Amino acid sequence: MTEPRAMVPERRGLTPSQTVGPFLHVGLPWPDGPHVVPEGTPGAVWITGTVYDGDGVPIPDAVVETWQADPEGRFDHPDDPRGSARSQVEGFRGFGRCPTDEDGRYAVHTVRPGSLPCPDGSTEAPHVNVSVLGRGLLDRVVTRIYFPGDDANHTDPVLCAVPEERRHTLIAAPDGDGFRFDIWLQGDRETVFFAL
Amino acid sequence: MTRTWSGATVPWYPPPEGVHPPLDSPEYRSTARRHPHEPLVLLPQRLTEITGPVLGDGRVGPLDHDLTRQHAAEPLGQRIIVHGQVLEEDGRAVPQTLVEIWQANASGRYRHARDNWPAPLDPNFTGVGRCLTDADGYYRFVTIKPGAYPWRNHDNAWRPAHIHFSLFGRAFTQRLVTQMYFPDDPLFSRDPIFNSVRDEKARERMIAGYDHDATQSQWALGFRFDIILRGQHASVFEEDDDD
């Protein structure tokens, strides 16, 4: 395409990413950070896990952030082409943030999201987008939590694009009333991370 | 740039090529055991990626933007105003988005259990700020200039003075955490975190400019720090030959 460049808006250079550093706890935690939904929400579950480095050592200076649709598969957001929809779940924020503790553990309290339509007519299985930030991470790493035993996982376009032998790293494990999702930044059990 | 989705127009966020630091940056030793070895898998931008948390007034208290007024008395140090605009690549402002900052005090110490180098804490300084950008994407903080501080990455290692910034933008794709530096810091050339950004022009975009117009007579020095997030909406082209 040879349109005149003058019609293209001038593109500014991005601000680069930098690590949150070891003292992220000064600025990032919120008292209600882990609560994607309020305590007592019907059907709410805890997703817990540990963040590990390449030596299998838990990382005490990371933050796990989550973003997801509500149980109906809707977002209260103006860029959703289906229209912005306030969740039926009272107090649903969609976003969770939890720093890891001394043992590298995080936890978020949420409800299972619904599946999502894709523009080509296919369907994304219920999933939670995850960002991990931390000391030693110069940029966030992004992964996804899928839920065990969901038939939609078999046809999910993102999971299907991941080598089969690594797909299991994206699927949470049942854990009591909730789920467990450990994150391995490096090594034999390395979690699948995404470029977006 | 935009795409259409079932007749609706949805944003697209161009990949940030060559800007962000490599996760494997050996000069910053902590990256060694924390960067993935496997190649990243491409995540197409669908609904979860083009949306993001809309975090409003409830997250910001009336004095959260002024780090010099959060205690009984003023903190020690050089009082400064840090302000700027949050924009997308095409210059479009990002309004009503949460900006979070945290920083060391004037002597270079964080209020954090694991920061125990022998510099004094300041009882009048926590070092945390939050605000929302206005309708034109502007934010403004009042704080004190943080000090440089030592770390253990290499022999006689010192971090240049910096303020941590956390931004959400309007989409999951735009999430950014960065550090703002101050002009003409002699520690730049020796800092592996600053230099983990390989492109010189990109590195310079992390350095605030002294802003005499924002400087207030008899009160505080002004610094301007604009933050550019991924995103390009104004183009009329379905596909642009961006280079």
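## A tour of one sheet in chain B

Start in β11 of chain B: B:Thr178 is the bridge partner there of B:Phe165. Keep in mind that this is a predicted model.

Now select both strands of that pair. β10(B) and β11(B) run antiparallel and are joined by six bridges.

Next, go to the other partner of β10. Select residues 98-103 of chain B, which form strand β5, and residues 162-167 of chain B, which form β10. These two strands are antiparallel, with five bridges between them. Pick out two of the residue pairs. B:Trp102 has B:His164 as its bridge partner in β10(B). B:Gln103 has B:Ile163 as its partner in β10(B).

Stay on β10(B) and show its side chains. Which residues point one way, and which the other way? B:His162, B:His164 and B:Ser166 point one way. B:Ile163, B:Phe165 and B:Leu167 point the other way. Is β10(B) mostly covered or mostly uncovered? It is mostly covered: six of its six residues are buried. Here, buried means under 20% relative accessible area.

Zoom out to the whole sheet. How many strands does this open sheet of chain B have? It has four, in the order β6-β5-β10-β11, and their pairing is antiparallel. Select the edges next: β6 (128-132) and β11 (176-181) of chain B. Each has a single partner strand, so one side of each is left without a neighbour in the sheet.

Last, compare the strand directions. Neighbouring strands of this sheet are turned against each other by 20 degrees on average, direction ignored.

Key
Residues are numbered from 1 along each chain as its sequence is written. Chains are lettered from A and ligands numbered from 1 in the order in which they are written. This is a predicted model: local features need pLDDT of at least 70, side-chain atom pairs count only at pLDDT 80 or more; totals for chains, interfaces and linings use all residues. Side-chain values use heavy atoms; hydrogens and water are left out. Two strands pair if DSSP finds at least two bridges between them. Axes are lines fitted to C-alpha atoms, for helices over the stretch in contact, and angles run from 0 to 180 degrees between N-to-C directions. Buried means under 20% relative accessible area, exposed over 50%, partly exposed in between (1.4 Å probe, protein chains only).
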